[in-house]
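Hi there,

Here is the structure I promised to pass on to you. Please open it and keep it beside you while you read.

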Amino acid sequence: MNKAWFMAVLALTVLATISAILIVPPLLVEIATDLEISVAVAGQLATATFAAWAVTGVSAGPLSDSFGRRPVAMVCLAALSVSMLACAIAPNLETLLTLRVLTGLGGGVIPPNIIGSVADVISPARRAQAVGALLAIQGLASAICVPLVAVLADVGGWRLPFIVYGGLLVAALLANWLWLPKERGERVRNFAYFSRYKSLVTMRFFRVAVAVNLTQRIAYWGSISFFAAYLIHTFDLSVGFVALPLAVAAVGQMAGNYGASFAANRRHRALIIAAVTVVGGAFGLAVFAVDMGLWATVAAATVSLGLLGMTFPILIAASTEYSGESKATGVGLMGFSNQAGGMLGAAIAGALLASVGYAGIGYMCLGATIVSALLTTLFGRQFGETAGQSKG
């Protein structure tokens, strides 16, 4: 197998999937205006997406480990393609919510399936770098695809981006169909759902890592969900112009995702996670609660999202060390905490915006990261253990 081509197909899949998940935040103001609802109510489209993503995130790993990477990729990419293209003709909020739930259901399965594919093919010595590179594609999606959403909406309205990114998902579906390697023999096994999870949740690492990641991702996704709307309202930016500061901030996310690959194998990775989390939360508070001017705000957001973007890749890479033959299940468990954090972050941030304004989102960001950092330092010993020593 040509591993470079294999990684290219997976990178396209990550790019298309994450773009589908993150397409809503730059469009909140446009959607709210067109459908005659508030931005806070429109923001619940993100909540619905993450809630559905969390549901399938729980079953994604066992599905992938039991039935194979290729068939799971085909079904879920097809569902994502249909939901995205249908959003372009959605007549009301209720239809959009339904379609975003379908997007979340399909999107929640893809990341564990991809990391499972990497773990099957890439050697353990190079696995952290491969995982970090793929997760850096998430930052690339934020750096290029998400700002492009704003540009497309400025040109053709909020429905046009759904058509364009629906087409990108169709391209990813075809690429997986043509080039994702077929596994030897019959992969289909019993759908060992509970036994796979039972073996993982008995490990201290997973119990601690889920709590750490959940609290940290509340801050991360809560910030991202309303950052574009905050810039538009605070600095009176057009939807098209906001693409530039979004791209700048996304560079930080990409750097954080990729930089995490170099910290993933460090013995003191727990201290690294705690430090970058609390500093990222402090910068997140500054973004929403301190009047600094446009570009100082963007700079603070770049630092915040970059630092907050490091934790998840580190925990994903670490989970493959502990999960044995259930690597996709382990990634799915971490993914569940990511999506649950996204659901809670978007919901809490929306409620705070409606009640106390954007500053409330900043204080939520700091508070959640402090809790996450405390959990990491209290139970960080588990992050440095080997898989063979981690049960208990």
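Below are some notes on a helix pair and on the empty spaces inside.

This is a predicted model, in which local features need pLDDT of at least 70, side-chain atom pairs count only at pLDDT 80 or more, and totals for chains, interfaces and linings use all residues. Residues are numbered from 1 along each chain as its sequence is written, and side-chain values use heavy atoms, with hydrogens and water left out.

Let's start with the helices (DSSP runs of H or I, at least four residues, numbered from the N terminus). Helix 1 (residues 3-22) and helix 9 (residues 160-179) have axes that come within 9 Å and cross at roughly 150°. That makes helix 1 roughly antiparallel to helix 9 (the word is used for angles over 145 degrees, on a scale from 0 to 180 between N-to-C directions of lines fitted to C-alpha atoms over the stretch in contact). Contact means heavy atoms within 4.5 Å; among the residues that meet are Trp 5 and Leu 12 in helix 1, and Leu 168 and Trp 179 in helix 9.

Now the cavities: on a 1 Å grid over the protein atoms alone, each is a set of points where a 1.4 Å probe fits but cannot get out, and lining residues have an atom within 4 Å of a point. There are 5 cavities of 30 Å³ or more. The largest has a volume of about 200 Å³ (the space filled by probe spheres set on the points). Its lining has 18 residues, with Ile 18, Pro 111, Leu 135, Gln 138 and Phe 312 nearest the centre. Helix 7 (110-121) supplies the largest share of that lining, 5 residues.

Happy exploring!

Terms used:
Helix = DSSP H or I, 4+ residues; strand = E, 2+ residues; numbered from the N terminus. Parallel < 35°, antiparallel > 145°, perpendicular 65-115°, else oblique. 1 Å grid on protein atoms, 1.4 Å probe; cavity = no way out; pocket = protein on both sides within 12 Å on 5 of 7 lines; lining within 4 Å.
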